[in-house]
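Reader: I should like a close look at the enclosed space in this structure, followed by an account of its charged pairs and its unusual backbone sites. Please set the matter out as one connected description.

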Amino acid sequence: MKRRSESYFGLHFDFHASPAGAGEAGVGATLKEEELREICELLHPDFLQIDCKGHPGWASYPTSCGNAMPKFALDPLALWRKVTKEEDVALYMHYSGVIDRKFVSEHPEEAVLNADGTRDAEATRTLGHYVDKLLIPQLSELAGKYGVNGAWVDGDCWGSKADFDPETIAAFEKETGISLGGKLPANPGDAYYGEYREFCRELFRRYVRHFVDALHEKYPDFQVASNWSYTDHMPEKVSSNVDFISGDLNPWDSFNSARYAGRAIASQGHTWDLMSWNFRSVLAGMPGSVVKHPDQIIQEAAAVIALGGGFQNYITQYPDGSPRMEQIRRMKPLEEFMRAREPYCFRGKLLHQVCLLLSTEDREHESASLYTRNGCEKIMGLTSLLCDAGHSLEIAEEHTLEGHYDEYPVIVVPELYYGLKPETVKDLLMYAENGGSLLLVGANTAKLFASAGAPFKAGEKHSGGMEVFTMNGEDFGTVYDAAGLAFEKGEIIAEKAANARSEKAPLAAIMPYGKGKIAAAAFDLGTAYQNYAEYLHLDLVKELLGGLYMPLVTVESAEGTPEIVDLEKNGRLMIQIVNANGNHKSTNIATEKNILPCRDVALAIRLSEKPASLVLQPEGKELPFTYEKGVARVVIGKVPMHEIVEVIK
């Protein structure tokens, strides 16, 4: 039975059990052993994750911990464990952590106390007793009695909230030496607001360390992840002994969510996977559920596995805990797609090319919650833009960049809400001065770096909002809230003006700085591409990056939008080509079947020596290529979803 570090493909089932939905016959009434066995034998997953306690707080198996569903037709967990053990498939539990509505309703003193004096309806206090009264005992029961392999703890970092319980306030004052004087730091303008939120974050970190270590001490082989911890939601150094990092993608734009979240996790250097929902749950602003076509899920999987990660697909269970076989049986093409590519991507490592900074400092000041995805749309947009422009991209936080700046040919600083620590700005400028290439995006970002010594001046944002955005004096678009740039030496890449005939001012430029270069685009380019993509956004990024570095792999031409990932596995370059075509962000298209392939993808690969061969995988097809002056050129006829060019020396 594979450990999570060896697990590449899995399936996730849950139904957040509650008495309202189970029916008179009880949990497990229509659960059939032959169907569970069929899942294992049809799709050959490395692991299954199933429901055991969701956000409502009811356990969907006959637990002895006091929160079991009222009625069971059988012990469903015992049956799942029997079958998966016989089929050599690892079994993990979907378990709601910080969020537990039943527990806080029965123990209101264990619920987060909001600043207005009300108790939260679902979030438990991480300084409270919930973790010892229920979470650790219940996970121990799952490990000991049922022998499950681990837990995917849901509703955790993103469910945690600032707690103003007197016990928490007293602990804050004692540890920090700060006296609040009875004034709650509830709003951004309040004294010690940032310090108090950081203390609440630290309480969450301690909570995770506590339950993970307690479980490992008693059950060393039990494997745990805290859902979305140490990811884009919580872009921090891994500070606990979690066995793997995982999260479930934004179901309304899963492909772009996968590109962004996958890169943020991959930089942690830890075992990881991502989960894609097989359905969309909101249709035209109305609640509902529509199942995606398998091709959509395959494309979402491609965005994850191309980065070296594992992938799992989420299909809900029926309210009595039985699997939705009519949906599961449609996933055979996904399993075949995954297994064919496993040898060429799983646990591969990204080669350093373009690096996008996801700042822990900026996120902590921007986010209204302690940990959340909300607010990262601008960085998700910039991720999509850089990928769509054909550049192999990584995402790094301050802690992963530290000591490694000079390993990247280009570092991109996205539009900032708050800013960066002075030492981070200093390090980035020093990186450029010593020969690196820095791309600054956003009016606030440009202003911050200009004040720190970058070779330009940044004006104020245009108070009128909309202006004309132009390149080459011929291609025109629209730009909002842009700032102008002024500099002595450099190359103007784009300009802005009130209209096509009025005087223009530099909007984006590349400037020399010491031994390196600094480029700036003084408008919120990531937000723009996320909300109203223009072809000029792609043209601008291609021009800017083209003036900053020479990529290892260049897309010289293509029909469609190929995403390139430079991956190394077993000492070989595995160039991942992901088909990024499709209506990923459209609110008017819930599902789609006919995703157009990328065609005639022409690549230029910089190699110091002529390769023995270039092989298209997983087909094993040797590709004709030319090699001249250190560059191999090759054309891939069609990329339906995901192809790999293996470079054999």
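Author: The second largest cavity of this predicted model holds about 70 Å³ of space. Its lining is made up of Val-112, Thr-124, Arg-125, Thr-126, Leu-127, Ser-160, Lys-161, Asp-163, Thr-168, Cys-200, Leu-203 and Leu-370. By character, that lining divides into five nonpolar, four polar and three charged residues. Arg-125, Lys-161 and Asp-163 are the charged members.

Empty space of this kind is revealed by rolling a probe the size of a water molecule over the atoms. In total there are five cavities of 30 Å³ or more. The largest cavity contains about 120 Å³ of space. Its lining comprises 15 residues, and those nearest its centre are Arg-280, Gln-296, Glu-300, Asn-583 and His-584. Helix H8 (254–266) and helix H9 (294–305) are the elements that each contribute two or more residues to this lining. The largest share, three residues, is supplied by H9. The lining of the largest cavity is divided into five nonpolar, five polar and five charged residues.

The charged pairs come next. Side chains of opposite charge can pair when their charged atoms come close. The structure holds 37 salt bridges, and three of them, each set within a helix, are described here.

Lys-102 is paired with Glu-106, the closest N and O atoms being 2.6 Å apart. Both residues belong to helix H4 (residues 101–106), where they stand four residues apart, about one turn of the helix. The two ends of this pair fall into separate accessibility classes: Lys-102 has a relative accessibility of 9%, which is under 20%, so it counts as buried, whereas Glu-106, at 47%, is partly exposed.

In helix H11 (residues 332–345), Glu-335 and Lys-332 are three residues apart and are therefore separated by about one helical turn. Their side chains meet in a salt bridge with an N to O distance of 3.0 Å. Glu-335 is buried, its relative accessible area being 6%, while Lys-332 is partly exposed at 23%. Elsewhere, salt bridges that share partners join Glu-175, Glu-198, Arg-201, Glu-202, Arg-205, Arg-206, Arg-209 and Glu-236 into one network.

One link of that network can be followed in detail. Glu-202 forms a salt bridge with Arg-206, with 3.2 Å between the closest N and O atoms. Because these two residues are four positions apart in helix H7 (residues 193–218), about one helical turn lies between them. Arg-206 is partly exposed, with a relative accessibility of 33%.

Finally, there are three backbone sites to consider. The peptide bond from Gln-617 to Pro-618 is cis, its omega being near 10°. Pro-618 is located in the loop between strand E29 (613–617) and strand E30 (621–623).

The other two sites concern phi. His-44 is not a glycine, yet its phi is positive, at about 45°. This residue occupies the loop between helix H2 (33–43) and strand E2 (47–53). With a relative accessibility of 41%, His-44 counts as partly exposed. Trp-228 is likewise a residue other than glycine with a positive phi, in this case near 75°. Its place is the loop between strand E7 (223–226) and strand E8 (245–248). The relative accessibility of Trp-228 is 2%, so this residue counts as buried.

Definitions and conventions:
Residues are numbered from 1 along each chain as its sequence is written. This is a predicted model: local features need pLDDT of at least 70, side-chain atom pairs count only at pLDDT 80 or more; totals for chains, interfaces and linings use all residues. Side-chain values use heavy atoms; hydrogens and water are left out. Buried means under 20% relative accessible area, exposed over 50%, partly exposed in between (1.4 Å probe, protein chains only). On a 1 Å grid over the protein atoms alone, a cavity is a set of points where a 1.4 Å probe fits but cannot get out, and a pocket is an open set with protein on both sides within 12 Å along at least five of seven lines; lining residues have an atom within 4 Å of a point. Grid points are joined across faces, edges and corners, and a volume is the space filled by probe spheres set on the points. A salt bridge is a side-chain nitrogen of Lys or Arg within 4 Å of a carboxyl oxygen of Asp or Glu.
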